Amino acid sequence: MADFQEQLRQYRAQKRRKETVDNFKDKLRRFWMLGTGANKDTTIEVQQVPTKFEAIAENSHDEAASSSEGELQPEEQPSRSTDHHHRENNCLKYTLWAVYLLFWITLYVIAIKLSFGLVFLMFSALFGIYFNTRTEPKKRNEMSAYSVFNKNCESIDGTLKAEQFEREIRYGSGSVR
């Protein structure tokens, strides 16, 4: 039984370390992606079946929770206001964009002094185009804006199709749902 308790303790410590590293990576990723439109919060969470150790850990956690009344468990602790977090995030985002803009202007002035202003401007435009387009592969079952790339040539919601346009012309805008 003591061996099992030791394994459980090691498993919990390993899981805590992994969560800490994942939180750090997430914070770092969010810091660098501010204002770029990349948002990790839009991902879909998949519920996983708990492993044997997770089920045992949950049961022992429930037993410990019932034995210690009055203490707040980590799940029960009050969370920060999302409105405050959103406001703070916007302020940081705009500050970061201002710093980027000032840095770009500084480099542009230096390039003008070196008689490479137009070259710098062209490379800036190319970098802007590259970094404002998606470079990672399409996610599974993700719909494309171009219906020819979708399964059965299905179009996304809000697309004006020839059939819809024809119905609107013939029967009026009330004929289209």
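Which residues form a nonpolar patch on the surface, and how much accessible area do they have together? The legends below take up this patch after an overview of the predicted model.

**Figure 1. Overview of the predicted, helical model.** The protein holds five helices and zero strands, so that its elements, read from the N terminus, follow the order α-α-α-α-α. Of the 177 residues in the protein, 8% are buried, and the accessible surface comes to about 16,300 Å², with carbon and sulfur atoms accounting for 59% of that area. When contacts between residues at least 6 apart in sequence are considered, 42% of them join residues at least 24 apart.

**Figure 2. The nonpolar patch on the surface.** The patch is formed by Phe103, Leu107, Ile110, Leu114, Phe116, Val119, Phe123, Leu126, Phe127, Ile129, Tyr130 and Phe131, which together have about 1,300 Å² of accessible area. Helix 3 (82–113) and helix 4 are the elements that give two or more residues to it, and helix 4 provides the largest share, with seven residues. One of the patch residues is Phe123, which lies in helix 4 and counts as partly exposed because its relative accessibility is 47%.

**Figure 3. A stacked aromatic pair within helix 4.** Six aromatic pairs are found in a search of the whole structure. In one of them, Phe127 and Phe131 are stacked, with 6.3 Å from centre to centre and 15° between the planes. Both residues lie in helix 4 (residues 117–131), where they are four residues apart, about one turn of the helix. An α-helix has 3.6 residues a turn, so residues three or four places apart point the same way. Phe127 counts as partly exposed because its relative accessibility is 49%, whereas Phe131, at 61% relative accessibility, counts as exposed. Phe127 and Phe131 are also both members of the nonpolar patch described above.

**Figure 4. An aromatic cluster of three residues.** Trp104, Tyr108 and Phe120 form one aromatic cluster. A pair of aromatic rings is described by the distance of the centres and the angle of the planes.

**Figure 5. Helix 1, its span and its buried residues.** Helix 1 (residues 2–32) has 31 residues, and the distance from its first C-alpha to its last is 45 Å, which is close to the 45 Å expected at 1.5 Å a residue. The buried residues of this helix are Leu8, Tyr11, Ala13 and Asp26.

**Figure 6. Two salt bridges along helix 1.** The structure holds three salt bridges, and the two shown in this view lie within helix 1. Side chains of opposite charge can pair when their charged atoms come close. Glu6 forms a salt bridge with Arg9, in which the closest N and O atoms are 2.4 Å apart, and the two residues are separated by about one helical turn because they are three residues apart in helix 1. Both partners keep part of their surface accessible: Glu6 is partly exposed, with a relative accessible area of 32%, and Arg9 counts as partly exposed at 48% relative accessibility. Further along the helix, the side chains of Lys18 and Asp22 meet in a salt bridge of 3.0 Å, N to O, the two residues being four residues apart, about one turn of the helix. Here Lys18 counts as exposed because its relative accessibility is 53%, a value over the 50% cut-off, while Asp22 is partly exposed, with a relative accessible area of 34%.

**Figure 7. The salt bridge of helix 5.** The side chains of Glu166 and Arg170 meet in a salt bridge (3.1 Å, N to O). Because they are four residues apart in helix 5 (residues 162–171), about one helical turn separates Glu166 and Arg170. Glu166 is partly exposed, with a relative accessible area of 41%, whereas Arg170 counts as exposed at 58% relative accessibility.

**Figure 8. Tyr146 in the loop between helix 4 and helix 5.** Tyr146 lies in the loop that runs between these two helices and is exposed, with a relative accessible area of 59%. Although Tyr146 and Thr159 are 13 residues apart along the chain, their C-alpha atoms are separated by 9.5 Å.

Technical notes:
Residues numbered from 1 in each chain as written. Predicted model: local features only at pLDDT ≥ 70, side-chain atom pairs only at ≥ 80, totals over all residues. Heavy atoms only, no water. Buried < 20%, exposed > 50% of the residue type's maximum accessible area, 1.4 Å probe, protein only. Contact = heavy atoms within 4.5 Å. Areas by Shrake-Rupley, 256 points an atom, 1.4 Å probe, with all protein chains shown as cover. Phe/Tyr/Trp six-rings, centres within 6.5 Å; stacked < 30°, edge-to-face > 60°. Patch = residues over 30% accessible without salt bridge, like charges linked within 9 Å, V, L, I, M, F, W, Y side chains within 5 Å. Salt bridge = Lys/Arg side-chain N within 4 Å of Asp/Glu carboxyl O. Expected span 1.5 Å × (residues − 1).
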